[in-house]
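Student: Could we go through this model together? I would like to see how each label follows from its cut-off.

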Amino acid sequence: MKKLIFNPVGLFCTWVMVCVFFWLFIPILSDGFHPSSQTQFVLRTYLLISLVCGLFLISLLNMFLFKDWVRRFWFVNGFLTLVTGGTIIYFF
């Protein structure tokens, strides 16, 4: 049986699905707070930061764990590494 999560695309998709789940779960988490508080905004900002940093770390990890896949599909991994790394550097 093929492992669906422990492959390069599976890692990316799993991380994005976890972040989307929490993005939809945030209104439930901040239900008890005052409506004028910015709890949802802050939580979604942290979630977006974790999405970008997580995709960057996964793309770096793919270079070491899945060398054959990176050699064949270097443009996918390279594009994600450059975009997410550029975003991280821009906000520093």
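Tutor: H4, a DSSP run (H or I, at least four residues; numbered from the N terminus), has 18 residues and reaches 26 Å from first to last C-alpha. This is a predicted model, where local features need pLDDT of at least 70, side-chain atom pairs count only at pLDDT 80 or more, and totals for chains, interfaces and linings use all residues. Residues are numbered from 1 along each chain, and side-chain values use heavy atoms, without hydrogens and water.

Student: What makes 26 Å close to the span expected for H4?

Tutor: The expected span is 1.5 Å times one less than the number of residues, and for H4 that is 26 Å.

Student: Why is Thr84 called buried?

Tutor: Buried means under 20% relative accessible area, exposed over 50%, partly exposed in between (1.4 Å probe, protein chains only). Thr84 has 5%, so it is buried.

Student: How do you know that the buried residues of H4 are on the same side?

Tutor: They are Asn77, Thr81, Thr84 and Gly85. Their arc, taken from the directions from the helix axis to the C-beta atoms, is only 100 degrees, so they share one side of H4. The face turned away carries the exposed Phe79, Leu82, Tyr90 and Phe91.

Student: Why is H1 called roughly antiparallel to H2?

Tutor: The axes, lines fitted to C-alpha atoms over the stretch in contact, give angles from 0 to 180 degrees between N-to-C directions. Under 35 degrees is roughly parallel, over 145 roughly antiparallel, 65 to 115 roughly perpendicular, the rest oblique. H1 and H2 cross at roughly 175 degrees, so they are roughly antiparallel.

Notes:
Helices (H or I, at least four residues) and strands (E, at least two) are DSSP runs, numbered from the N terminus.
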